[in-house]
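Me: I have a model open and want to go through one of its sheets. Can you take my questions as they come?

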Amino acid sequence: RVLFFLEGDMLPVAPFSALEFLRGFDIAGTHQGRAHKDTGFLLRYLWVGLLFINLKDLPNKHLLQMTTAVVGDVGGDTASALHHFFEASPDVRVRRVLHTSHIHTERGNRYVLPENARKLYQDAFRMELYERAFLHFGSASNWKEGRNFEYFNSPEDFLPHKTLFLKTFVEGCMNGTFTVPNYDYVFEKDTWENPSGRPRRHPPPGGKKPEL
């Protein structure tokens, strides 16, 4: 039995098989790595917004908690309590879900969108692509506090235009107007290998897709 977690603002834009993606692995999701700035303690878990779990032969199922947690004086987001699962299950085979983070001129990754969709897209939308198959709308509640993004510091309501793009893009991917390109870009920050919270030796905003 396979569990498939998908956030409400994560929409499919290309064919994708969860069973094929999990083949040879026990669990797959987007790395979340947060390190203590002084001790270096690493809180590691998987983001629950796109998460696949093969329950067959999986150990420590009672530790599959999707709640928040503070461990080693480091706090995390939703499902950060999965840190305890991974600590207790070192032999579990984990596949990392790859993503672009925000599609934005500053990241140099607007090319991940189909060429005929880029002219419709605004940087302020800050959408994301996951595994070239899911578009993450992001900030669907249109909240405007806590970060230095365009829509946080502007009286303009980007939500209507952003929603229109989402509708146009998803429908276009379904009817063949748009096809997500086979791009070569991966956001490498905040992973287990390159966590947030401590100085990084190699902090590029993105890079080539690593071997799995």
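Me: In which sense do β1 and β4 pair, and over how many bridges?
Reply: β1 and β4 are antiparallel, with 5 bridges between them. Strands here are DSSP runs of E with at least two residues, numbered from the N terminus, and two strands pair if DSSP finds at least two bridges between them.

Me: Before I go on, what kind of model is this?
Reply: It is a predicted model, where local features need pLDDT of at least 70, side-chain atom pairs count only at pLDDT 80 or more, and totals for chains, interfaces and linings use all residues. Residues are numbered from 1 along each chain as its sequence is written, and side-chain values use heavy atoms, with hydrogens and water left out.

Me: Back to β1. What are the partners of Leu3 and Phe4 in β4?
Reply: Leu3 has Ile53 as its bridge partner in β4, and Phe4 stands opposite Phe52.

Me: What is the strand order of the sheet?
Reply: The order is β1-β4-β3-β7, an open sheet of 4 strands with mixed pairing. β1 (2-6) and β7 are the edge strands, each pairing on one side only. On average, neighbouring strands are turned by 55 degrees against each other, direction ignored; the axes are lines fitted to C-alpha atoms.

Me: How do β3 and β4 pair?
Reply: Antiparallel, over 8 bridges, with β4 covering residues 42-54. The two form a hairpin with 6 residues between them, and Gly40 in the turn has a positive phi of about 80 degrees. In β4, Trp47 is the bridge partner of Thr30 and Arg44 that of Gly33.

Me: How many residues of β3 and β4 are buried?
Reply: In β3 (residues 27-35) 8 of the 9 residues are buried, so the strand is largely enclosed by the rest of the structure. β4 is also largely enclosed, because 10 of its 13 residues are buried. Buried means under 20% relative accessible area with a 1.4 Å probe, protein chains only.

Me: And in which sense does β3 pair with β7?
Reply: Parallel, over 3 bridges. Gly29 stands opposite Arg96 in β7.

Me: Different topic. Where does Arg95 sit, and is it buried or exposed?
Reply: Arg95 is in strand β7 (residues 94-96), and it is buried.

Me: Which side chain of opposite charge is nearest to Arg95?
Reply: Glu131, at 4.9 Å, and Arg95 has no salt bridge. A salt bridge needs a side-chain nitrogen of Lys or Arg within 4 Å of a carboxyl oxygen of Asp or Glu.

Me: Which backbone oxygen lies 3.0 Å from a polar atom of the Arg95 side chain?
Reply: That of Phe21.

Key: Buried < 20%, exposed > 50% of the residue type's maximum accessible area, 1.4 Å probe, protein only. Lys, Arg positive; Asp, Glu negative; His and termini not counted. Polar contact = N/O pair within 3.5 Å; in protein donor to acceptor, adjacent residues only side chain to side chain. Axes fitted to C-alpha atoms, helices over the stretch in contact; angles between N-to-C directions.
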